[in-house]
Amino acid sequence: MKYYSTRDKERKNAYSLKEAAFLGLAPDGGLFMPESIPQVNLDEVRRLAALSYPDLAIYLAGLFFGDDIPSERLELMIRHAYDFDCPLRKLEEGKYVLELFHGPTAAFKDFGARFMGGMLSLLSDKDRKLTVLTATSGDTGSAVAAGFHKVKSINVVVLYPQGKVSPLQEAQMTTLGDNIHPVCVKGSFDDCQALVKAVFNDYTFRQSIDVTSANSINVLRWIPQSFYYFYAWAQWYAETGRKRPDIIVPSGNYGNLTAGMLAEAMGLPVHRFVAGANANSVIPDYLESGVYAPRPSIRTVANAMDVGAPSNYERMMYLYDNDFYKLNGKLSAYSYSDEWIKEAIRKIYKKYGFISDPHAAVGYLCLEATNAEGFYLATAHSAKFSEVIKETIGHDVELPEQLAHLSGKEKSYIIMDNDCKALEQYIRKLVKKEA
């Protein structure tokens, strides 16, 4: 499989999987897409999903990567990466929630980060040091840090905005040590993301330092997120006997939603997609006006969605042939204030007896607003947002096993100005120190 930039309309420059994965961002500033989108056998999807999530993921990964990675190595990596489940919880007739928070960092990012960590380990040259640079608004950083922790020949530099992630999210990034290097940036998530892009666009720097990204701009982080849409669909079909669910995705950088759109392009039956946003309403506004207008992000209680310039907008448009009307016919989007989100958390707790995280609460609000027949994605465990939850429902959330061990651990990180040259100097020192 070859890969092309979203901006390479005439497909003049093809890249191998390893090149696309290691570059992260295409040289022209676009995002990589596979040269063709493989088609699934839905009967096989249902059969394998009934066995386990890893069995299904092995089949789907083979469609993309089977020519690049030996099948036995790919299978071994996937079974190691996915030692947790993603069950579909029934709320009421026709309405479900997909729980994506049962992985090691209690967030959906585990599905992409653990897959990418394993794949880069298989693809990398053991005698060369690779730096993985990623920006996070919350859960990406912790998932990437855990997914790459102690992976040989790979350093991880995680940028997160000062004062804008939860204490638990910060602890997940800053207590691992070894090859994980957290950087607290004086700025917003958009500033962190802009720093990553600035480093990737500095080709003089990249000629001397091997650096890639673990954000959803990277195909190895993004493609495996499409797999759990098939798993959810198989569970939905088994439960309801219906084939075309509405799928609601809480969205910030829109990697998760576009992974669902990739799944649809592979043959997943979908009635419609609904994007749920917080006060950062760039995509809902775009679908209403036809004008794409990125802007500085706004801080909210659903902090992982605090994105004002979503990177995956390019992939979204690419998948729909850059046709606004085609996209608008398949996707609707809604945005909600903090007060709406908190009220949804209270309602879910009172009505169904479980505690929702703020991002999943946005999904629930969309489910109600559209009277959807399908499922929404619960992207993180509510314990990661204990301050918001306690303020909203009046008591703490019990920490799940994968988070409880962080209590009392010493944090280690550096604080940095929003300065590309300072970041590049820091990366150079890391590489030189470990050479």
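In this predicted model, helix H16 is followed by Gly353, a residue whose phi is positive, near 80°. The helix itself comprises the 15 residues 338-352, and because a rise of 1.5 Å a residue leads to an expected span of 21 Å, the separation of 21 Å between its end C-alpha atoms agrees with that expectation. Its buried residues are Ile341, Lys342, Ala344, Ile345 and Ile348; viewed down the axis of H16, these fall within an arc of 155° and therefore line one face of the helix. In an α-helix there are 3.6 residues a turn, so residues three or four places apart point the same way. Trp340 and Lys350, on the other side of H16, are exposed. The cover over the buried residues of H16 includes helix H17 (358-370), strand S12 (374-378) and helix H18 (386-393).

The interior was also examined for enclosed space, and two cavities of 30 Å³ or more were found. The largest cavity holds about 260 Å³ of space, and of the 24 residues that line it, Phe108, Lys109, Gly252, Asn253 and Ala304 are the closest to its centre. Helices H6 (139-148) and H12 (255-265) each contribute at least two residues to this lining of the largest cavity, which divides into eight nonpolar, 13 polar and three charged residues.

The second largest cavity has a volume of about 40 Å³ and is lined by Ala135, Gln193, Val196, Lys197, Asn215, Ile217, Asn253 and Ser311. Helix H8 (residues 189-200) provides the largest share of this lining, three residues, and the lining of the second largest cavity divides into three nonpolar residues, four polar and one charged.

Conventions: Residues are numbered from 1 along each chain as its sequence is written. This is a predicted model: local features need pLDDT of at least 70, side-chain atom pairs count only at pLDDT 80 or more; totals for chains, interfaces and linings use all residues. Side-chain values use heavy atoms; hydrogens and water are left out. Helices (H or I, at least four residues) and strands (E, at least two) are DSSP runs, numbered from the N terminus. The expected span of a helix is 1.5 Å times one less than its number of residues. Buried means under 20% relative accessible area, exposed over 50%, partly exposed in between (1.4 Å probe, protein chains only). The arc is that of the directions from the helix axis to the C-beta atoms. Contact means heavy atoms within 4.5 Å. On a 1 Å grid over the protein atoms alone, a cavity is a set of points where a 1.4 Å probe fits but cannot get out, and a pocket is an open set with protein on both sides within 12 Å along at least five of seven lines; lining residues have an atom within 4 Å of a point. Grid points are joined across faces, edges and corners, and a volume is the space filled by probe spheres set on the points. Ala, Val, Leu, Ile, Met, Phe, Trp, Tyr, Cys and Pro count as nonpolar, Asp, Glu, Lys and Arg as charged, and the others, Gly among them, as polar.
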